[in-house]
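Please find below my notes on the model you sent round. They are set out as numbered points, to be read beside the sequence and the coordinates.

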Amino acid sequence: MGRGRVQLKRIENKINRQVTFSKRRSGLLKKAHEISVLCDAEVGLIVFSTKGKLFEYANDSCMERILERYERYSFAEKQLVPTDHTSPVSWTLEHAKLKARLEVLQRNQKHYVGEDLESLNMKELQNLEHQLDSALKHIRSRKNQLMHESISVLQKKDRALQEQNNQLSKKVKEREKEVAQQNQWDQQNHEINSSSFVLPQQLDSPHLG
């Protein structure tokens with residue numbers, strides 16, 4: 001004889017309720033993982049405990065991407081079916097979605113800095129590690145790009161300074177050459193003037209004798 005249908009109602013005993021939540025949560029996460037693998041489905045699961053603790057599951061895609069896809073789908077559905085955005089129910093749903101997404105983002109932010117990792121299973125830790133590795137590769141690629149750009153700019157400045165230095169050296173040499181020529185001309189003119197003063201004195205010496 002089979003068991004009768006179990007009546008679903010709130011478990012009054014706090015300890016039994018916590019144990020049941022832990023078991024059912026694990027089973028729910030397992031089922032979500034199974035359907036994502038067996039059916040190649042994109043699954044995002046969000047569960048909040050009575051204490052407000054967040055438990056989530058996302059397959060290979062990150063939770064933010066799944067939420068963005070859900071919002072795009074919901075937005076497209078709303079465009080097809082006009083709704084009253086001024087109704088309290090609509091605002092309540094929007095607030096609940098935004099609050100859930102904010103909590104997911106805050107939780108992921110803690111995970112990215114290595115905090116609150118106790119609630120993650122092996123698959124979630126592997127996904128987090130993959131995301132961090134991918135982010136680190138992008139960071140290193142961007143850093144190398146900026147370093148190459150900085151080196152290129154410095155090389156251009158160095159070439160420009162070298163060109164200016166060469167031009168200044170050329171001008172200095174030309175100026176030194178001009179000064180040397182001017183000194184040579186001044187010396188020649190001085191010798192010519194000196195010889196013109198000596199010759200008349202030599203010619204006048206016999207007459208004086």
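The points below take up the basis of the model, the hairpin, the cores and a surface patch.

1. The model is predicted, with local features requiring pLDDT of at least 70 and side-chain atom pairs pLDDT 80 or more, whereas totals for chains, interfaces and linings use all residues. Residues are numbered from 1 along each chain as its sequence is written, and side-chain values use heavy atoms, with hydrogens and water left out.

2. Strand β1 (residues 44–48) pairs with strand β2 (residues 54–58) in the antiparallel sense over five bridges, strands being DSSP runs of E of at least two residues, numbered from the N terminus, and pairing requiring at least two DSSP bridges. Phe48 stands opposite Leu54 in β2, and Gly52, in the hairpin with five residues between the strands, takes a positive phi near 85°.

3. Leu45 and Val47 form the covered face of β1, while Gly44, Ile46 and Phe48 form the uncovered one. In a regular strand, side chains alternate between the two faces of the sheet.

4. The largest nonpolar core (buried Ala, Val, Leu, Ile, Met, Phe, Trp, Tyr and Cys residues joined through side-chain atoms within 4.5 Å; buried means under 20% relative accessible area with a 1.4 Å probe, protein chains only) has seven residues: Leu29, Ala32, Val43, Leu45, Val47, Phe55 and Tyr57. To this core α1 (14–38), β1 and β2 each supply at least two residues. A second, separate core of six residues includes Leu54, Met63, Ile66 and Leu67.

5. Tyr112 lies in helix α3 (residues 88–112), helices being DSSP runs of H or I of at least four residues. Tyr112 counts as partly exposed because its relative accessibility is 37%, between the 20% and 50% limits.
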